[in-house]
Amino acid sequence: MTRPTPLIELDELSFERGAHLLVQRALLDMQPGAELGVMGTDPALNIHLEAWCRTQGHGIRLPEDRDDPVRAWVSRGRTDIDRWTGAERAGGPYPRGIQAKAEPHWGLAARGALIEPGAPDLGFDLADRDYVWADIAPSLYAHAASAQWDPETAIDWRAEVSLPAEIELAVVQIMTYLVENEQAALVVPAKLLSRIHPHFREVLQLLAVQAADEARHVEVFTRRALLTGGEMGTSSVSGRESLATLVTEPDFSLASFLLSVLGEGSFLNLLTFLDRHAPDPITRQVTRLARQDEARHVAFGVAHLQHQSKVDPSLRSQLRAAVERRHQALSNSTGLNQDVFDALVTLVAGEWTPEAIGRGFEEVQKLQKDMDEGRQHRLINLGFPADEAADLSALHTRNFM
Amino acid sequence: MIDSNHLLFGREGTLPAGSTRMIAQTPMFDHCNLTLTDAVPPDLAQQFGDLLLSMSYADPQVRPLFDLEGLTVWRPGRTNGYAPLETAIDEAGFYDAEGVITVAEYKP
Ligand SMILES: [Fe+2]
Ligand SMILES: [Fe+2]
């Protein structure tokens, strides 16, 4: 049985203008060692074909007869086959194709791509599905992407703001505190996402959008603080000490627990409080918009840890230890900046009468109680018994975040 | 000029494609050779050669090195094919009797 001899006609097309694509395509389905006749009229064809074959590991033979329409015979090499032998798919492109363990040498390759073996390890140390994944990540990312708002147009910056000087100062102090905390909330997910293997890309995408959310929060709170032309408020050592324990937590689950479940969870109550007691429309709009984003950050934190606690029964004791460690680290710290606490009271009071200040103080106490209840609720969602949830919530930093 | 450079220049546009004409071609010669002096102990030289020859393009660890050099395989050394090149260089007086480059402004 003889097969028809494979031939390829290049006409005038030269190797300087892409002829290799036609030759390569013709060789693709041939067996190593089989010969392909190459025809064409470019004067440099044989010289270029020979140079190309050498780099590709193909052999070449010239026909004996000078009048042969075949200019050269290429005998198929096997370097392309060798390159892709042992290649593997990096899981599948959809979330159901996610693997339990992402291989270091997959590096930045798209999930589902065919991976040539070899290449350096980029050191993504968070590479276990059970450690980084939550099934809600793709839909939360899609929601987050669709819910991005433009600080320039989402807020009516030209709305009338003319508050008594001391109320304005209270707003500025609260905004200064919020910016500081938002910056911690920006840095923490950004640091974590750079360590997560891109195989879990939906988690990276979600954290990237989360960091972008915080970037907007930093912007709008700063802009509100400076709206009436004054200076920023104060930043206390105790506030920065508290945030330092968040930023330096190296463990993904623990960082996400302290930041998203406990810290941002408490901020949901704070932002609701500021929305309700806002003395001007701009303060109301910036806190309301930020709160919508924060709800997503908390949702992912809770879902991620719920997923993990299903596969790791020791998780809860680790979370407990993290709260206790942080409490210990902050035992010599006074917690919330007194200026911030006073500003919250002043904001609610709105005037300097004993009755109004007393009401303001009560409201801020109630805020702290709401935060505590919210934290306990989320801890119970993570599987903590009610009494343990109450103990742990009480150990949370007085800085709120 | 070697053939692979001519192809490269044409592809990159250094020489516009089709703008040059080949008027003569030498027989094939190996444009790169790994040369050892006789100061190398023969058993070491042999071992080194064996190691190179054992490198396989199918090995994902060494393939990137082959790719960097534009190679797919090592072959035993050969010096045949250099004669026309040697003659051309001698005729042009590029090197003197001691092997020193004679062209003053030549910068490799
Ligand atoms: Fe935020
Ligand atoms: Fe947040």
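By donors, in what follows, I mean N, O and S atoms within 2.8 Å of the metal. With that in place, let me start at the iron ion (ligand 2), whose donor residues are spaced along the sequence as E-x49-E-x29-E-x2-H. Please keep in mind throughout that this is a predicted model.

Which residues stand behind that spacing? The iron ion (ligand 2) is coordinated by Glu214(A), Glu264(A) and Glu294(A) through OE atoms, with Glu294(A) listed twice, and by His297(A) through ND1, at 1.9 to 2.8 Å. Glu294(A) and His297(A) sit 3 residues apart in helix α11 of chain A, which is about one turn of the helix, and both of these residues are buried.

Now let me turn to the other metal, the iron ion (ligand 1). Its coordination comes from OE atoms of Glu182(A), Glu214(A) and Glu294(A) together with ND1 of His217(A), at 1.8 to 2.3 Å. Along the chain, the donors of the iron ion (ligand 1) follow the spacing E-x31-E-x2-H-x76-E. The angles among the 4 donor atoms of this ion run from 82 to 151°, and the site is classed as irregular. As water is not among the atoms, sites may look incomplete, and I would read the coordination of both ions with that in mind.

How far apart are the iron ion (ligand 1) and the iron ion (ligand 2)? They lie 3.5 Å apart, and Glu214(A) coordinates both of them. Glu214(A) shares helix α8 of chain A with His217(A), again 3 residues away and about one turn of the helix, and Glu214(A) and His217(A) are both buried.

Let me move from the metals to the enclosed spaces. A search of the whole structure finds 3 cavities of 30 Å³ or more, and the largest cavity holds about 80 Å³ of space. Its lining is made of 13 residues, of which Leu192(A), Leu207(A), Gln210(A), Ser256(A) and Ser260(A) are the closest to its centre. Four helices of chain A each give two or more residues to this lining, namely α7 (165-193), α8 (201-225), α10 (252-277) and α11 (281-311), and α10(A) gives the most, with 5 residues. By class, the lining of the largest cavity has 8 nonpolar and 5 polar residues, and no charged ones.

The second largest cavity contains about 60 Å³ of space. Among the residues that line it are Gln173(A), Tyr177(A), Glu180(A), Asn181(A), Gly239(A), Leu243(A) and Asn399(A). Here the elements that give two or more residues are α7 and α9 (237-247) of chain A, with α7(A) supplying the largest share, 4 residues. This lining divides into 3 nonpolar, 8 polar and 1 charged residue.

Finally, let me step back to the chain as a whole. Chain A has 15 helices and 6 strands. Its radius of gyration is 32 Å, well over the 21 Å that the globule rule gives for 401 residues, so chain A is more spread out than a compact globule. The C-alpha atoms fill a box of roughly 110 × 50 × 30 Å along the principal axes, and 49% of the 401 residues count as buried.

Notes: Residues are numbered from 1 along each chain as its sequence is written. Chains are lettered from A and ligands numbered from 1 in the order in which they are written. This is a predicted model: local features need pLDDT of at least 70, side-chain atom pairs count only at pLDDT 80 or more; totals for chains, interfaces and linings use all residues. Side-chain values use heavy atoms; hydrogens and water are left out. On a 1 Å grid over the protein atoms alone, a cavity is a set of points where a 1.4 Å probe fits but cannot get out, and a pocket is an open set with protein on both sides within 12 Å along at least five of seven lines; lining residues have an atom within 4 Å of a point. Grid points are joined across faces, edges and corners, and a volume is the space filled by probe spheres set on the points. Ala, Val, Leu, Ile, Met, Phe, Trp, Tyr, Cys and Pro count as nonpolar, Asp, Glu, Lys and Arg as charged, and the others, Gly among them, as polar. Donors are N, O and S atoms within 2.8 Å of the metal (3.2 Å for Na, K and Ca); water is not among the atoms, so sites may look incomplete. Four donors count as tetrahedral if all angles lie between 85 and 135 degrees; four count as square planar and six as octahedral if opposite donors are over 155 degrees apart and all others between 65 and 115; anything else is irregular. Buried means under 20% relative accessible area, exposed over 50%, partly exposed in between (1.4 Å probe, protein chains only). The radius of gyration is taken over C-alpha atoms; the globule rule is 2.2 Å times the number of residues to the power 0.38.
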